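Biologist: I would like a close look at a single part of this model. Please start from one loop and then work outward.

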Amino acid sequence: MQHTRQRLLGLLADGHFHSGEALGAALGVSRGAVWKQIAALNTLGLDIYRVPGRGYRLAQTLELLDRDAIHSSLWPKTRQQLAELAVLDSVDSTNSYLLERNPASSGAVLACLAEHQHAGRGRRGRRWISPFGANLYLSLNWPFASLPPDFSALGLAAGVAARRALAGVGFDAIQLKWPNDLYAEGAKLGGILLEMRGEPPGPCRVVAGIGINVAMPAEAAVDVEQQWIDLARLAGGVAPSRNVLAAALLNHWIAAFQVFEREGFAGFLDEWRAADLLAGRDVEVTDGRQRLHGRARGVAADGALELETAEGIRRVVAGDASLRAAASERARETG
Ligand code: BTN
């Protein structure tokens, strides 16, 4: 079934009209079977129009993820490190896929990409809306022999590496919002979710997942609960290649994880500070238990957020931050 769907998408990818009959003939299935596959793709978040007399057409041209194209664009040292690159059609979550790997394979560097996630996960139990073929959903499994220095700053280093990857494909004004968000033009472009397994300080592994909005379809965006932006918008309406972006992210993430494992956060700190969205601004920070207000004073050498409050400087090691103006607007809306 998945194979037929892949071939159907390959035929529709040009963005032209294809009749149900021609599609059925090319795939060796009935017109009814074509219709069923198209209905299924529509429910995954892909926009396919049907115009009587003309057939089916994708709302926009589609570049499917191509494992070979991604693999051949990896730097030789990335290829050496990476034991496995899985490119999936649809999965619950690329993070969950890697977390569920058995201990024999989870001691290696593994990566997973998917066209669609039906239970994509964000930080703090939030959903990550993941329509088919539109954005980038990528996870990396990284085994650590022992806990690296500044372990709690690993997500910040991953943010710096994602920013490097984006700059390498032409997006050079990306900001970082503590702890793990990518921002552009004041809106969220992407986010990073880190999940750890093991018994620190002994051997452990981290599954790091990143979602980047590439060309978010309007229908899917209705479910996104914060202000968002995508790369297509930043590039004047033209979405960049997801395959090129995936390879760039893998190259920079794998290189960064290796450096972090040896040296901790030090090699990332200056770049993080230069891209800090919150520095000098009034923010509200919550760690799930308490809510703090203050002026963000940047990140410390271990990745903690330094907050200037009425009671003096407070260090926040984990939590969620939002700009104070935005937070009070939300309070007005809900109150
Ligand atoms: C956030 O900003 O809340 C983090 C979002 C992380 C989303 C990515 S998409 C790939 C990977 N798989 C998931 O289920 N989540 C991460």
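Biologist: In which loop does aspartate 150 lie?

Modeller: Aspartate 150 lies in the loop between strand S5 (136-144) and H8. Keep in mind that the model is predicted. The backbone here deserves attention. Phi of aspartate 150 is near 55 degrees, a positive value in a residue other than glycine. Most residues other than glycine have a negative phi, and most peptide bonds are trans. As for its surroundings, aspartate 150 has 29% relative accessibility, so it counts as partly exposed.

Now follow the chain on to H8. This helix covers residues 154-168. It helps to cover the buried residues of H12. Strand S6 (175-177), helix H11 (242-263) and strand S11 (291-299) are also part of that cover.

H12 itself runs over residues 266-274. Its buried residues are Phe268, Leu269 and Trp272. Seen down the axis of H12, they fall within an arc of 120 degrees, so they line one face of the helix. The general rule is simple: an α-helix has 3.6 residues a turn, so residues three or four places apart point the same way. On the face of H12 turned away from the buried side sit the exposed residues Asp270 and Ala274.

Go back to S6, one of the covering elements. The loop between S6 and strand S7 (181-184) holds proline 179. A cis peptide bond joins this proline to tryptophan 178, with omega at about 0 degrees.

The loop between S7 and strand S8 (187-198) has its own backbone feature. Glutamate 185 is found there. Its phi is positive, about 50 degrees, although it is not a glycine. Glutamate 185 has a relative accessible area of 64%, so it is exposed. Aspartate 150, by contrast, is partly exposed.

Asp270 also gives a distance across the model. Its C-alpha atom and that of aspartate 47 are separated by 42 Å, with the two positions 223 residues apart along the chain. Aspartate 47 is found in the loop between helix H3 (31-43) and strand S1 (48-51). With 24% relative accessibility, aspartate 47 counts as partly exposed. Beyond residues up to four places away in sequence, aspartate 47 touches Asn42, Arg57, Leu58, Ala59 and Glu219.

Histidine 18 offers a pairing over a shorter range. It lies in the loop between helix H1 (2-12) and helix H2 (20-27). At 18% relative accessibility it counts as buried, because the cut-off is under 20%. Histidine 18 and tyrosine 56 are 38 residues apart in sequence, but their C-alpha atoms are 5.3 Å apart. Tyr56 is among the contacts of histidine 18, together with Leu11, Leu12, Leu23, Arg54 and Gly55, leaving aside neighbours within four places in sequence.

Last, the whole chain. It has 13 helices and 14 strands. Its radius of gyration is 21 Å, close to the 20 Å that the globule rule gives for 335 residues, so it is as compact as a globular protein of that length. The C-alpha trace spans about 70 × 50 × 35 Å along its principal axes. Buried residues make up 49% of the chain. Of the contacts with a separation of 6 or more, 66% come from residues 24 or more positions apart. The exposed area is about 15500 Å², and carbon and sulfur atoms supply 50% of it. The chain has 36 positive and 36 negative charges, and their mean positions are 2 Å apart.

Note on methods:
Residues numbered from 1 in each chain as written. Predicted model: local features only at pLDDT ≥ 70, side-chain atom pairs only at ≥ 80, totals over all residues. Heavy atoms only, no water. Helix = DSSP H or I, 4+ residues; strand = E, 2+ residues; numbered from the N terminus. Rg over C-alpha atoms; globule rule 2.2 N^0.38 Å. Buried < 20%, exposed > 50% of the residue type's maximum accessible area, 1.4 Å probe, protein only. Contact = heavy atoms within 4.5 Å. Areas by Shrake-Rupley, 256 points an atom, 1.4 Å probe, with all protein chains shown as cover. Lys, Arg positive; Asp, Glu negative; His and termini not counted. Charge placed at Lys NZ, Arg CZ, Asp CG, Glu CD. Arc of directions from axis to C-beta.
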